[in-house]
Structure formats: C-alpha cells, structure tokens
Amino acid sequence: MRCLDRAKAYIKKRFLGKNLSQKVHVLFGFSISLYIILFLLFLIILKGNLDSHINEMNYDTMASIENDLNSSFENISTMGEIIINNSEIRSYLRSTQKSVDTFEVLSSIYSVATAFNNIDSIYVFKLDGGYINISNVFTEVNVGMIDNTEWKERVFSELGKNLILVNGDGLFHVGEGDNILSFIRVVNDINTQKPIGILAINTSMRLLENTYKTMSDTGKEFAFYDEAGTFLCGSNKCEFNDELKDADTFVTKRKAFGWLAHYYPMKEAPLILVENAKIDYIKQLPIQSIVLVILVAAVTIFCFTLFSLFIKHQITRPIESMVASMDNVKSGWLRRVGIKLPNDEMGKLKDSYNNMLIEINHLIEELLDKEKYLRRVELEAMHEQIKPHFLYNTLDMIGSLALDDNAEDVYDAIEALGVFYRNFLNKGEQEILIGDELEIIKSYLKLQKLRYGKIIEEKIVVDKGLENRKILKLILQPLVENSLYHGAIPKGELCRIYIKIKETEKDIVISITDTGVGMSNDKIKKIMETDSKSFGLKRTIERIRNFYGREDVCQLKSKPGYYFQVILYIPKVTEKVISQDCYNTNRSSD
C-alpha cells in the first residue's frame, strides 16, 4: 500500500502538476510507447484469433464431411432393411436344406443393389456358415469368423443396427493394400425375434473419397484412417499421430511452420478423418521494410512534436483563456463566453459553446414543460381510476350484498377492492409488473361482475415469464374499462374480453379484444382527434408515447357490431426483468 501511495504521489507531483503543454508532451511519449506495445500485443492476439478461426472453419468442414458420410450410411441401412425384409431371403435363412435354389434370392438382392451406388458386394450368411452373395470385385471370405463368439456377440449386441467395420474385422479380404467398409447386421426371425442369419454389405473406399472430393480445390488435404491408425484412403501427406488413437474429440496439432493437422474421430463409424491445412502467415519483413518502418516512426515522432507545439500555441493558450471566462458556469450560471478570439476553429468553438448554452437552456425549458405535462397526465390518469363515483358505486354494491346476507360475495368484493387499490397505488412508481397490472384488471372485473352480473367473461393469456416484466402503470385498466362501458354494456348481452400478452424480438405486444358493439372508423378517428374524457383510449396512448419516446405504440381494429381490438407495442428497451422469486416475495409481502 505504501508503494502504491508513493506512486500516486509521484504521478500527482510529476504529471498532474504540469501545465497543459507539458502534459501534451508527456502524453505524446506515453502514447508512442503504448502504441508499440499494443501493436505487438495485437499481432499476438491476431495470430491466436486467426488460429482459432481456422480451427473452427476446419471443424465445420470435417463435420460437413461426417454429415455427408452419415447420409450415405443411412442409405445403406435403408438398403439393408429392404433386403432383410424380403420374403425370399428370409425363406433362404430359415431353410435347413444345404442344397437350395438361390436364383430367386440372388435376383432379389441384385434388384435392390442396383438402386444404390458404391456397393461392391452383398453377403447373406446363415448361422451354420453357409452363404450367398453378389459381388463386383473378388472378395475372400473367412467363414470361420461367423463362428467366432466375440465377433458374433459384437454383431448381435447392435440389436439389428449396422456394425461398421473395416474389412468386416477379418471377415473379408480384397487384396494387398485394398480395403472395404463393411456394414454388418444380424437378421432376426420376424416371429421369434431370434437370430437366423447375418447380412454384410461391403462398399469400396470411393464412398469415403466422394465426401471430400468437392473440397480438393481448397488447398486442403484429407485422408481416412481406421481406429488402429491404418491408412484407408486419401492423401499420404496426412500422417496419422499414434498418440491420438484414443482421442474422441476434434484435435488440432501444429506441424511445420504454416501447417496445421486436424484429427476428427467419426461418431458413427470406427474411422478417423485427418486434414492438413496450410496457414499463410505474414512472412518476416526484409531489411528494406524494417528500415522503412524505422523511418516512418521517426517521421511520425517529428510530426507529433510539431503537432504538440502547434497545440500549445494555437489551442492550449486560447483554451486557457476560454476556461478563465467560463468559470461562472461552474457555479451553475449558464452565461455565454464574451472573450475575443480569432475567427478560426477556436473562435468557432467559442460560438458553438455559446450556441450550446442557448440550446441547453431551451432543452431545460422543454424538459420542464414535458415533465409538467407527464405529471399532469399521470395525475389525470390516477384521478380517473380513483374517481369517487367508482368507489361510491362499489361501496353501495357491497352494502346491498350485505343486506342480502351474501357474506361470501361481500368478502370477495372487499378483497377485490383491496387488491385493486393496493396494486393501483404501487408505491408511487411509474412502472409496474405485468402480473400486478393483470391483478388490477382481475380485481376490477370481479367488482364489475358483482355489480352488473355475468355480462362479461374474460380470458387472459400471457407468455411464460412476461408476468415479471415491467411496463408503464395503468395502461391496461382504462382499456378494459372502455371494453366494458363502451362495448359490453351497450350491447346488452354476454360479451367476452380477451387479453393476450406475448413477446417479439423488439416489443411486448398486448392485445385487448372485446366482442361488444364495436366502433366505426369515423368514430375511432373522432375519439383520437378530440380530447374526450369519456374514453381513456387517447390519454392512455399519449402516456405510452411520452413515456417510451415512440409514436408507433398502438394499432386499432374494429368491426361495428362484432368486436373492438386495441394492440399495444411496448418497447423492451427500458424493460426491467425481476426474478420469479422476487416477484412472489413482493406479492406475498403485500
């Protein structure tokens, strides 16, 4: 702490105590040093980000190859399903005769195989070692593998799914240096679900090569290896790292300068995709370029020195004069600067400063007027909600219920009235939780139902989580009141009020729809153009526009005799999100 305090004292003495011109020189030297350090740091970060970006691109490339390969695997699986579901093939597998006419069976297999590409051979094995096949290439079969318990358990454990093996893990041999990819699955009896045979579909390495052929012109090299590190196909330059045999995720290894090797284990097959990608870093600068950089740096320092002197004589001193003239502003007096300055940028700065003071004074006056207007509108809105006739009518209704000995309705009415005013007052805040605003509506409608009977039904639908968002207080209740008095009551029959609140990318959209008498477009236009206190619609929209500083906050739809709908678009820019626990705590504490 003492060292830090001494450092602060030294900086304060050596730097903060200097005049503006000296500070410019100190900051100039510091800026040059910092620039060099940041430039070097930028190169390091740039190299790291470039490596990361290249790794991401190569990962996406290899994942795309895997997706293409999986699509081919699905086609082969589909072909296998068609083959094992063929009645001729199942009859052959269930047959116990050693001499069977297989012409029809082979014809069925051939007809399926011709519909798919890259198929070298198809084998259907009985569990006793007998088999039939069709083949495009010479393939040796090690029938003894069918009786190998460990190999057979691996096939049976897949429960009918394909087990993908290179050369069938010893079942097939196609020649020195050549490999095939075998898709092996058990064939179960339809009735007993017990194994009756094994299906093996062999594909050439063309199936793998086709997945990266279209990328051969990108300067990248690809190769496929099996899990043991045996080369299958591709570029011999893509060497396999034995340390990565057990890797199960995407791995990057740096090779020679400018080269990266990527290893991508396939999830659906015992294969590892290897990719070599060249990175073109900027080569080391030649001597001529270094000399040029030094020369540019020297010229830059010289220019900065001249610039510092210019700042001192043409800017610093005039600013000091202006500062002396503007001291009155510090005490709260927004008076204009009266000193004489040349008719250059500094003179324009003085004029701009004076004009700014004039604009600030105008803005202050406008803000005061706007604040007064907002307060007046807010008070008028609150007055509309606490107007005596609503309270008198409610108390009169409670009195009538009490005389009728309807204790339960009396309790409901008093409770609803309490909830209404508790949420309505909202501790004097301008904003309110959507959940609390809806409670005001529910309490209000509950009181009106007790007063007018079942003339209205409401349905409220709110997207999950929106109850905890804040909106401007008392913007929904006036609209619901309009729906009641100007929609439902004039209609004289049961009406429904629908309230739906949802969230879009930019807004919280609130729609209030009633099935009342509706309203013509001319009447809507008249209401919005006149200052009618009988409708809370216009004042509510004005409050929303003034509070959120936006004009497009409302949309009105109506069909006379059928419905009236108000859609509010509340911006999410100023929204406040409160956790569910906090919301529940606040409500319980009330």
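The second largest pocket in this predicted model comes out at about 530 Å³. Its lining runs to 22 residues, and the ones nearest the pocket centre are Asn162, Ile164, Glu268, Ala269 and Pro270. As for where the wall comes from, helix H2 (20-84) puts in at least two lining residues, and strand E4 (163-166) likewise supplies at least two. Sorted by class, the lining is a mix: 10 residues are nonpolar, nine are charged and three are polar. Anyone setting up a grid around this pocket would thus find charged as well as nonpolar side chains in the list.

Stepping back to the whole fold, the protein carries 16 helices along with 19 strands. Of its 590 residues, 38% are buried. Contacts tell a similar whole-chain story: taking those with a separation of 6 or more, 63% link residues that sit 24 or more positions apart. On the outside, about 34,900 Å² is exposed, with 55% of that area supplied by carbon and sulfur atoms.

Then there are the cysteines. The disulfide count is zero, going by a cut-off of 2.5 Å between cysteine sulfur atoms. Two of the cysteines can be placed by their accessibility. Cys233 counts as buried because its relative accessibility is 3%, against a limit of under 20%. Cys495, at 1% relative accessibility, is buried too, so it falls in the class that takes in 38% of the protein's residues.

Conventions
Residues numbered from 1 in each chain as written. Predicted model: local features only at pLDDT ≥ 70, side-chain atom pairs only at ≥ 80, totals over all residues. Heavy atoms only, no water. Helix = DSSP H or I, 4+ residues; strand = E, 2+ residues; numbered from the N terminus. Buried < 20%, exposed > 50% of the residue type's maximum accessible area, 1.4 Å probe, protein only. Contact = heavy atoms within 4.5 Å. Areas by Shrake-Rupley, 256 points an atom, 1.4 Å probe, with all protein chains shown as cover. 1 Å grid on protein atoms, 1.4 Å probe; cavity = no way out; pocket = protein on both sides within 12 Å on 5 of 7 lines; lining within 4 Å. Points joined across faces, edges and corners; volume = space filled by probe spheres on them. Nonpolar A, V, L, I, M, F, W, Y, C, P; charged D, E, K, R; others polar.
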